[in-house]
Amino acid sequence: MSTKKLVLSLLDFRFKKQVGFVPLMSALEGVQAGEASWQPHANSHSIWQIVNHIGFWNENILRNLQGNTTPVNADNNATFGDPGDPADEAGWQAAVKEVQEVCKKIQLTLSDWDESRFDTPYDQSASSHKLVLSDLAMHDAYHIGQILYIRKLYAERSNHS
């Protein structure tokens, strides 16, 4: 399997294709603003915050893939934003749509690349694009697991209310 095909497959698995674990769009299916903004406890993130975080880092990588290699110096905690408003259904749906669009754009951008480009440096860190993109797939898979766990906690809480 070529590097290009492997990277595109990893990114497709974490976004929409179910193979061994739940992809992001399936994990978010049916989530409403009230559930998305709920925090299991004060020091944890809401689903909405996790979606903001995934979107932030995917957007950052997309900018690099499109040629903007200016490093982003962001406080990782700030990328989560606030927990969300349980009454703002339109805002929640917009957040989901944004993360969906950036994931699609990454796939489309990479589908135009030739094989050799995956071995080129991502930025000044000397990490290759294929390594950074593989890390992105793992990063998002980790957070998808968090989303699913929060959904289970929310459902359990709702069942005992």
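**Questions about a predicted model**

Modeller: Let's start with confidence, since this is a predicted model. Among the elements of the protein chain, helix H3 (residues 33-37) has the highest mean pLDDT, 98, and H1 has the lowest, 82.

Biologist: And what is the mean pLDDT of the protein chain?

Modeller: The mean is 91, and 95% of the residues reach 70 or more. That score runs from 0 to 100.

Biologist: What does UniProt place at residues 25-147?

Modeller: The record gives the feature "domain: DinB-like" there, from an unreviewed entry. In the model, that stretch is 57% helix and 0% strand, and its end C-alpha atoms are 11 Å apart.

Biologist: Let's take helix H4 (residues 47-65). How do you know that its span agrees with what's expected?

Modeller: The expected span is 1.5 Å times one less than the number of residues. H4 has 19 residues, so it should span 27 Å, and its end C-alpha atoms are indeed 27 Å apart.

Biologist: What makes you call H4 largely enclosed by the rest of the structure?

Modeller: Count its buried residues: 15 of the 19 fall in that class, so the helix is largely enclosed. Just after H4 comes Gly-67, with a positive phi of about 110 degrees.

Biologist: What about the loop between H4 and H5, where Asn-77 sits? Why is Asn-77 called exposed?

Modeller: Exposed means over 50% relative accessible area. Asn-77 has 56%, so it earns the label. As for its surroundings, its C-alpha is 10.0 Å from that of Gln-49, which is 28 residues apart from it in sequence.

Biologist: On to H5, then. How does its reach compare with the expected value?

Modeller: H5 has 23 residues and reaches 33 Å from its first C-alpha to its last, close to the 33 Å expected. Its buried residues include Trp-92, Ala-95, Val-99 and Leu-110.

Biologist: Val-96 lies in that helix too. Why is Val-96 called buried?

Modeller: The cut-off for buried is under 20%. Val-96 is at 11%, so it counts as buried. Its C-alpha is separated by 14 Å from that of Asp-140, 44 residues apart along the chain.

Biologist: How many salt bridges does the structure hold?

Modeller: Three.

Biologist: What makes Arg-151 and Glu-35 a salt bridge?

Modeller: The test is a side-chain nitrogen of Lys or Arg within 4 Å of a carboxyl oxygen of Asp or Glu. Here the closest N and O atoms are 3.1 Å apart, and the pair forms a salt bridge. Arg-151 lies in helix H6 (residues 129-159) and Glu-35 in helix H3, so the pair ties together parts that are 116 residues apart in sequence.

Biologist: Are those two partners buried or partly exposed?

Modeller: One of each. Glu-35 has a relative accessible area of 12%, so it's buried. Arg-151 is at 21%, which makes it partly exposed.

Biologist: How do you know that Lys-104 and Glu-101 meet in a salt bridge?

Modeller: Their N-to-O distance is 3.9 Å, and the limit is 4 Å, so the pair qualifies. They are three residues apart in helix H5, and therefore separated by about one helical turn.

Biologist: Why does that spacing matter for direction?

Modeller: An α-helix has 3.6 residues a turn, so residues three or four places apart point the same way. On accessibility, Lys-104 is partly exposed at 36%, and Glu-101 is partly exposed at 28%.

Biologist: And what links Asp-119 and Lys-130?

Modeller: A salt bridge, with 2.6 Å from N to O. Asp-119 lies in the loop between H5 and H6 and Lys-130 in helix H6, so the pair ties together parts that are eleven residues apart in sequence. Asp-119 is partly exposed at 46%, and Lys-130 is partly exposed at 32%.

Biologist: Back to the start of the chain. Which residues make the nonpolar surface patch of about 310 Å²?

Modeller: Met-1, Leu-6 and Leu-10.

Biologist: Why is Leu-10 called partly exposed?

Modeller: That class sits between the 20% and 50% cut-offs. Leu-10 is at 30% relative accessibility, so it fits. It belongs to helix H1 (residues 3-15). Leu-10 and Ala-137 are 127 residues apart in sequence, yet their C-alpha atoms are 6.1 Å apart in space.

Technical notes
Residues are numbered from 1 along each chain as its sequence is written. This is a predicted model: local features need pLDDT of at least 70, side-chain atom pairs count only at pLDDT 80 or more; totals for chains, interfaces and linings use all residues. Side-chain values use heavy atoms; hydrogens and water are left out. Patches are made of residues with over 30% relative accessible area and no salt bridge: like charges are joined within 9 Å, nonpolar side chains (Val, Leu, Ile, Met, Phe, Trp, Tyr) within 5 Å. Accessible areas come from the Shrake-Rupley method with a 1.4 Å probe; for residues, only the protein chains shown count as cover. Helices (H or I, at least four residues) and strands (E, at least two) are DSSP runs, numbered from the N terminus. Buried means under 20% relative accessible area, exposed over 50%, partly exposed in between (1.4 Å probe, protein chains only). pLDDT is the predictor's confidence in each residue, from 0 to 100. UniProt positions are given in the numbering used here, feature names are shortened, and annotations may be inferred rather than shown by experiment.
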